[in-house]
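These are my notebook entries on one protein model. I set down what I looked up and what I found.

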Amino acid sequence: MIADFHLLRTISAAMRHRQIGERLSNIHRRLLHLGPDTVEELFERHVVKDDNRHLDDDEKELLTRQRLTSTRREALSLYRDIIRATRFFMWPDSRGVLWRDVLRENARKEYEAARFEKDPEVVTRLLIGGRDSVQAAIDKLVEKQKEQIEKERNESRR
């Protein structure tokens, strides 16, 4: 009877860990497909080109607004992804503050610092760096979660 209870408890814990791992991997897959597929595509979409010489001022202004709107959309999408990703950082740091809150605060500061940036190349570089950072953090989190699950499985087999 006690052995059955222990087995059920182990199976339940493994299922919970698998569900967490699946949620993290789903987020990982979702983040991969937001925005452009390549860095070149991102640069091509946002970097100003000189092939607009034949356009009048109104058309140039319209193109600039479209580019800014697209960049804003990318920035908001990245910010939402950061907020979503921080949900999984539920342990406290050395000061006792949750890492989730620390990461969100730092993201907010980064966005405020770059709020009035007008150079499209700088904005694009910031967006690419932000996407890479979020992706790297999620990858590390998933890796650590997998290691923890493996460790618990090995301990339960003993």
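The entries below cover aromatic pairs, a pocket, one residue of a helix and salt bridges.

**Entry 1. The kind of model**

I note at the outset that this is a predicted model.

**Entry 2. Aromatic pairs**

I recall that a pair of aromatic rings is described by the distance of the centres and the angle of the planes. I searched the whole structure and found two aromatic pairs.

I looked up the pair of Tyr 79 and Tyr 111, whose ring centres are 5.0 Å apart. The planes of Tyr 79 and Tyr 111 stand at 70 degrees, so I recorded this pair as edge-to-face, the cut-off being over 60. I then asked where in the chain the two rings lie. Tyr 79 belongs to helix α3 (residues 57-86) and Tyr 111 to helix α4 (residues 99-113), so the pair ties together parts that are 32 residues apart in sequence. Tyr 111 has a relative accessible area of 22% and is partly exposed.

I next looked up the pair of Phe 89 and Trp 91, which is tilted, with 50 degrees between the planes and 5.5 Å from centre to centre. Are these two rings buried or exposed? Phe 89 is buried at a relative accessible area of 12%, whereas Trp 91 is partly exposed at 40%.

**Entry 3. The largest pocket**

I recall that rolling a probe the size of a water molecule over the atoms shows where empty space is left. For the largest pocket I noted a volume of about 980 Å³. The lining of this pocket consists of 33 residues. Nearest the centre of the pocket I found Ala 75, Leu 78, Glu 110, Tyr 111 and Ala 114. Tyr 111 thus appears in my notes both in an aromatic pair and in this lining.

Which elements give two or more residues to the lining? I listed α3, α4 and α5 (120-157). The most comes from α3, which gives ten residues. I also sorted the lining by class and recorded 20 nonpolar, six polar and seven charged residues.

**Entry 4. Thr 86**

I returned to helix α3 to look up Thr 86, which is found there. Thr 86 has a relative accessibility of 2%, so I counted this residue as buried, the limit being under 20%. What does Thr 86 touch, leaving aside its neighbours within four places in sequence? I found contacts with Arg 100, Leu 103 and Arg 104.

**Entry 5. Salt bridges**

My search of the whole structure gave nine salt bridges. I looked up three of them.

One joins Asp 81 to Arg 131, with the closest N and O atoms 2.6 Å apart. This pair links distant parts of the chain, as Asp 81 lies in helix α3 and Arg 131 in helix α5, 50 residues apart. Both partners are buried: Asp 81 has a relative accessibility of 2%, and Arg 131 has a relative accessible area of 18%.

Another is formed by the side chains of Asp 101 and Arg 100, at 3.2 Å from N to O. Asp 101 is partly exposed, with 33% relative accessibility. Arg 100 is already in my notes as a contact of Thr 86.

I also looked up the salt bridge between Arg 115 and Glu 112, again with 3.2 Å from N to O. Arg 115 is exposed at 54% relative accessibility, while Glu 112 is partly exposed at 35%.

Finally, I asked which residues are joined into one network by salt bridges that share partners. I recorded Asp 81, Arg 84 and Arg 131.

Technical notes. Residues numbered from 1 in each chain as written. Predicted model: local features only at pLDDT ≥ 70, side-chain atom pairs only at ≥ 80, totals over all residues. Heavy atoms only, no water. Phe/Tyr/Trp six-rings, centres within 6.5 Å; stacked < 30°, edge-to-face > 60°. Helix = DSSP H or I, 4+ residues; strand = E, 2+ residues; numbered from the N terminus. Buried < 20%, exposed > 50% of the residue type's maximum accessible area, 1.4 Å probe, protein only. 1 Å grid on protein atoms, 1.4 Å probe; cavity = no way out; pocket = protein on both sides within 12 Å on 5 of 7 lines; lining within 4 Å. Points joined across faces, edges and corners; volume = space filled by probe spheres on them. Nonpolar A, V, L, I, M, F, W, Y, C, P; charged D, E, K, R; others polar. Contact = heavy atoms within 4.5 Å. Salt bridge = Lys/Arg side-chain N within 4 Å of Asp/Glu carboxyl O.
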